Amino acid sequence: MISTLGGFVLFLALGVTLYAAAASVFGARQGREDWLASSRNAVLAHFCLVTLAIFLLEYALITSDFSLRYVANNSTRESLTRYKIAGLWGSLEGSILLWEWLQSLFAALVVARYSDRGPSGCRQLMPYVQAVLQGISAFFLLLMAFAVNPFARIFPIPPDGRGLNPLLEVTDMLIHPLLLYLGYVGFSVPYAFAMAALITGRPTEEWLRITRRWTVVAWLFLTGGIFYGGWWSYRTLGWGGYWAWDPVENASFMPWLTATAFIHSVMIQERKRMLRVWNLVLVTLTFSLVIFGTFLTRSGILGSVHAFADGPVGVMFLAFLALVLLFSFGLVAYRSDQLKGHGELDSIVSRESAFLLNNLVLVGICFTVFLGTIFPLLSEALRGTKISVGTPYFNKVSVPLGMALLFLMGVGPLIAWGRASLNNLKRNFLKPSLAAVAGTAILYALGVHQAEVLAAFAFCFFVIGTIVFEFVVATRTRAKTMGEGFLTAFATLLLKSRRRYGGLIVHLGVVIAIIGIAVSSVYKVEREQTLKSGESLTIGRYSVRFDGLAAGERPTHILVWANLVAFKDGKPVHELMPGQRFYPNQQSPFASVDARYHWNEDLYVILSTFERDGSSATIKVIINPMISWIWIGGGVILLGVIVAVLPERRLALLTMRAKAQVA
Amino acid sequence: MRGRKLKYLVAGAIVVAALVGLIYSGVRDSMVYFYTPSELKQKQDEVRGKALRLGGMVVDGSVRWDPQTLLLTFQLTDGQGTVFVRHKGTAPDLFKEGAGAVVEGAWMPDGYFRASTIMAKHSEEYKPPAHPETLDGKKQMFKSILKEDKK
């Protein structure tokens, strides 16, 4: 029943999508308002149909309808309802349906937001924006129709489903994939506007202004997804790390890099009308990398732990990717006359140059990550031997580039436009540089001697110095000229130039996260030892005592755990219970780690193996200094973006209300 | 005008050259060859001491684990050749006899592969178990330490 209905709904959605795309192009070319209106309705109908499809699949998942292959493979009767729901994005078919649903949602939002009351120029762009968005939707619907049907039947109907991979039955599974998908799909909107601008022959600054907020919000979701993924991996996967340069991680990192470059270079184009082609290239690259990332994840081509499938999907993804690249760069070439910018770079020592350099470095990192990720494929194709470059390559290449980026992060926001005079440089950078030197010297005196850590800290202090300096100077100036108190001046400043100060707060978050990454990776200590009941192992200032094993029954598995007591400087500080989960029908156990999380140091324990009679256990203990700074940095980034994108009207309203209350 | 453009070209070229150099040295220093056990046996003289990855199936009944010294030994095979592997430390969750595994390390002059990391290969393909298992089955395994809940 559901199978037939679901397949029919998706097929109908494909028809409606194609109609919407064709009608909007036809309406725009012939100037027929009725066709345009009809295509807008079709976009909304398309959204309703895909929503219905999602409901059908969720209904089948929640009611454990195992006549659907997808349900049988991704849920069991015993699963909690929330994990039955999460089965939707548990593997390939459902993830594609989720993607397509978000795609249709965003298309509907774009219609609702811009079709009659958008900024000027929107009316001309909209039909083509819709055509591009519907074209992307059509690809995903075709994929489901011919390769990965989420409503496919299974026969004979199994008595119970196979369930999600137990690793995925955690609350994080409800959040991390959604964040990433929101980010991924979000970038299709600026891409569609860019293409529409090229098609209609208006490839100037208009499309940037319209999509600015979309881009930043999509970037926020992608950033959030990446940070959340690291946090999830750290807390639950049981290897004590958060990032392994796994192809699937790289797949989310590459579009993040180009998107970050895009967010910055947009500012140059808006202000100076330069870099038009460059921005079109960046938005196309970002969208293509999103598609490429999904291809990497879903085709199983690189054989990574995350990749859950192989099949004809890979070929279809590659064909779509080729089409996107040909179409986009073809359009850029076709409109090249109109893309000549007006601005010229005046000097190498200027904000334009700093931003340009930042773009080069970001795209450079993206290229190195790309190369490292596909290196095994390249070497196999070219030389017949499989050669891979592992973590050492990525670390070696990205550390110096990351440092260059940190330096530019301090310089960019403060250096003058056009041509920075020596005076400007001295005024803005002398104090931050002195702060960096002083801070690094203090660290050296305190016993930090690793060159890499010192260099990272020097740049971090420099950036923090510039941010604090900027806030203090601007607040003081405003307090003086407007006669306001220091706090009022600071708050109004934040509200008045939210984009600038929100951006600086984001930078602060990045610096905090980088400090966490640098310190935790250099000063991490670990120790593994087999302990009998009552024995302890010592690591740094800690000792960990093993008080025996226990096991208990859980709804879906048996949990075996070790009772540990952690002592710091001889005083008991925490009880830890790392364990292993044993699921029926799974031969290998799954780790269930435990840790004492603390703002400056995590004590992280893993139960590696144990004797079944409970006499001894092998325990791995890791001390991760300052690792929580990474997550704190992520929080600060979130705060900064919120400051930067909050709608003006709402803020004005809030401040008015606050003022009224004061008065 | 001309001179200015040139200046930018030079600056850009320096950045690109630095990038290329960085990538080149990064690749050169961390290239890891991938071999199967039979390929390794064939080329054992030329690859001795070099960093490489070895992938194969863990031979049934070959895994030995000494909890006191944390020494894990096992054999990897591709059907044609078999290599003896030693690893200091525990294996990842998915490592088991009869399943695929990739180890990273080096071929030692004494005729064994010293692994620094073990990556278990993990297949997501659905294979229904020959004898479907219940939670009670798992429970039997831990009879001696099973107690009623306290967590």
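This report covers the domains of chain A, one contact between them, and the make-up of chain B in a predicted model.

## Domains of chain A

Chain A is divided into four parts: domain 1 spans 1–169, domain 2 spans 176–410, domain 3 combines 421–522 with 631–662, and domain 4 covers 525–625. Domain 3 of chain A is thus written as two segments. The residues of domain 4, 525–625, fall between those segments in numbering.

## Where domain 2 meets domain 3

The centres of domain 2 and domain 3 of chain A, taken over C-alpha atoms, are 26 Å apart. On the domain 2 side, 14 residues make contact, and they touch 19 residues of domain 3 of chain A.

Which helices supply at least two residues each of the domain 2 side? They are α9 (206–236) and α14 (391–411) of chain A. The largest share comes from α9(A), with eight residues. By residue class, the side of domain 2 of chain A that touches domain 3 is made up of 10 nonpolar residues, three polar and one charged.

## Chain B: elements

Chain B holds four helices and seven strands. Read from the N terminus, the order is α-β-α-α-β-β-β-β-β-β-α. A helix therefore opens chain B by the DSSP assignment, and a helix also ends the series.

## Chain B: burial and contacts

Chain B has 151 residues, of which 23% count as buried. Contacts in chain B can also be sorted by sequence separation. Among those between residues at least 6 apart in sequence, 44% join residues at least 24 apart.

How values were computed. Residues are numbered from 1 along each chain as its sequence is written. Chains are lettered from A and ligands numbered from 1 in the order in which they are written. This is a predicted model: local features need pLDDT of at least 70, side-chain atom pairs count only at pLDDT 80 or more; totals for chains, interfaces and linings use all residues. Domain bounds come from an automatic or database domain assignment. Two residues are in contact if their C-beta atoms, placed from the backbone, lie within 7 Å. Ala, Val, Leu, Ile, Met, Phe, Trp, Tyr, Cys and Pro count as nonpolar, Asp, Glu, Lys and Arg as charged, and the others, Gly among them, as polar. A residue is buried if 20 or more other C-beta atoms lie within 10 Å of its own, exposed if 12 or fewer, and partly exposed in between; C-beta atoms are placed from the backbone.
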